[in-house]
Amino acid sequence: MPLSEHEQRLLEQIERALVDDDPKFASSVRTGDRRLKARRKLQLGALLVVVGLAVLVGGAVAPSVPLGVLGFLVMFGGAALGVLNYRAATGAVEPGPVGARGGSTATRSRGGKPRRQPLKNRLEERFRRRYDQ
């Protein structure tokens, strides 16, 4: 549903005020979709893993320890970059605390199968029930 003219004018005024107050924050917000940037970093990480593996194999074929170490470091850096950006790139939502609504000891996972609460939550709930009695 599109915004009315009045709402568009208010939004433009808010944007101008934001740029005037904090231009650095405004430019960081305006830069676009974070998921797209994370995907690019994930792709770069995968590319670095492949390049690092090639350099590592090259260091093994031509017996060169420094080349092998360099290949390993490039591979490790690419894997770290990929792992750190995987959640943001895929848009996965971090689950909230289990049992936050209280009540049951089993929750439903994505597949619809019941999933047990962590041991800590079960023990806390058992303690509360004993304490309340």
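Which helix holds both phenylalanine 72 and phenylalanine 76, and how many residues apart are they? Both lie in helix α4 (residues 65–90), four residues apart, or about one turn of the helix; helices here are DSSP runs of H or I with at least four residues, numbered from the N terminus. This is a predicted model, in which local features need pLDDT of at least 70 and side-chain atom pairs count only at pLDDT 80 or more, while totals for chains, interfaces and linings use all residues. Residues are numbered from 1 along each chain as its sequence is written, and side-chain values use heavy atoms, leaving out hydrogens and water.

**View 1. The aromatic pair of Phe72 and Phe76.** The count of aromatic pairs comes to one, with rings of Phe, Tyr and Trp (its six-membered ring) pairing if their centres lie within 6.5 Å. Phe72 and Phe76 are stacked (planes under 30 degrees apart), at 6.3 Å centre to centre and 25° between the planes.

**View 2. A nonpolar surface patch.** Val65, Val69, Phe72, Leu73 and Phe76 together offer about 520 Å² of accessible area, by the Shrake-Rupley method with a 1.4 Å probe. Patch members have over 30% relative accessible area and no salt bridge (Lys or Arg side-chain nitrogen within 4 Å of an Asp or Glu carboxyl oxygen), and nonpolar side chains are joined within 5 Å. Phe72 is partly exposed at 45%, whereas Phe76 is exposed at 54%; exposed means over 50%, and partly exposed lies between 20% and that value. Val65, also in helix α4, is exposed at 63%.

**View 3. Residues 99–106.** Here pLDDT (the predictor's confidence in each residue, from 0 to 100) stays under 50. Where pLDDT is low, the predicted coordinates should not be read in detail.

Key. Phe/Tyr/Trp six-rings, centres within 6.5 Å; stacked < 30°, edge-to-face > 60°. Helix = DSSP H or I, 4+ residues; strand = E, 2+ residues; numbered from the N terminus. Buried < 20%, exposed > 50% of the residue type's maximum accessible area, 1.4 Å probe, protein only. Patch = residues over 30% accessible without salt bridge, like charges linked within 9 Å, V, L, I, M, F, W, Y side chains within 5 Å. Contact = heavy atoms within 4.5 Å.
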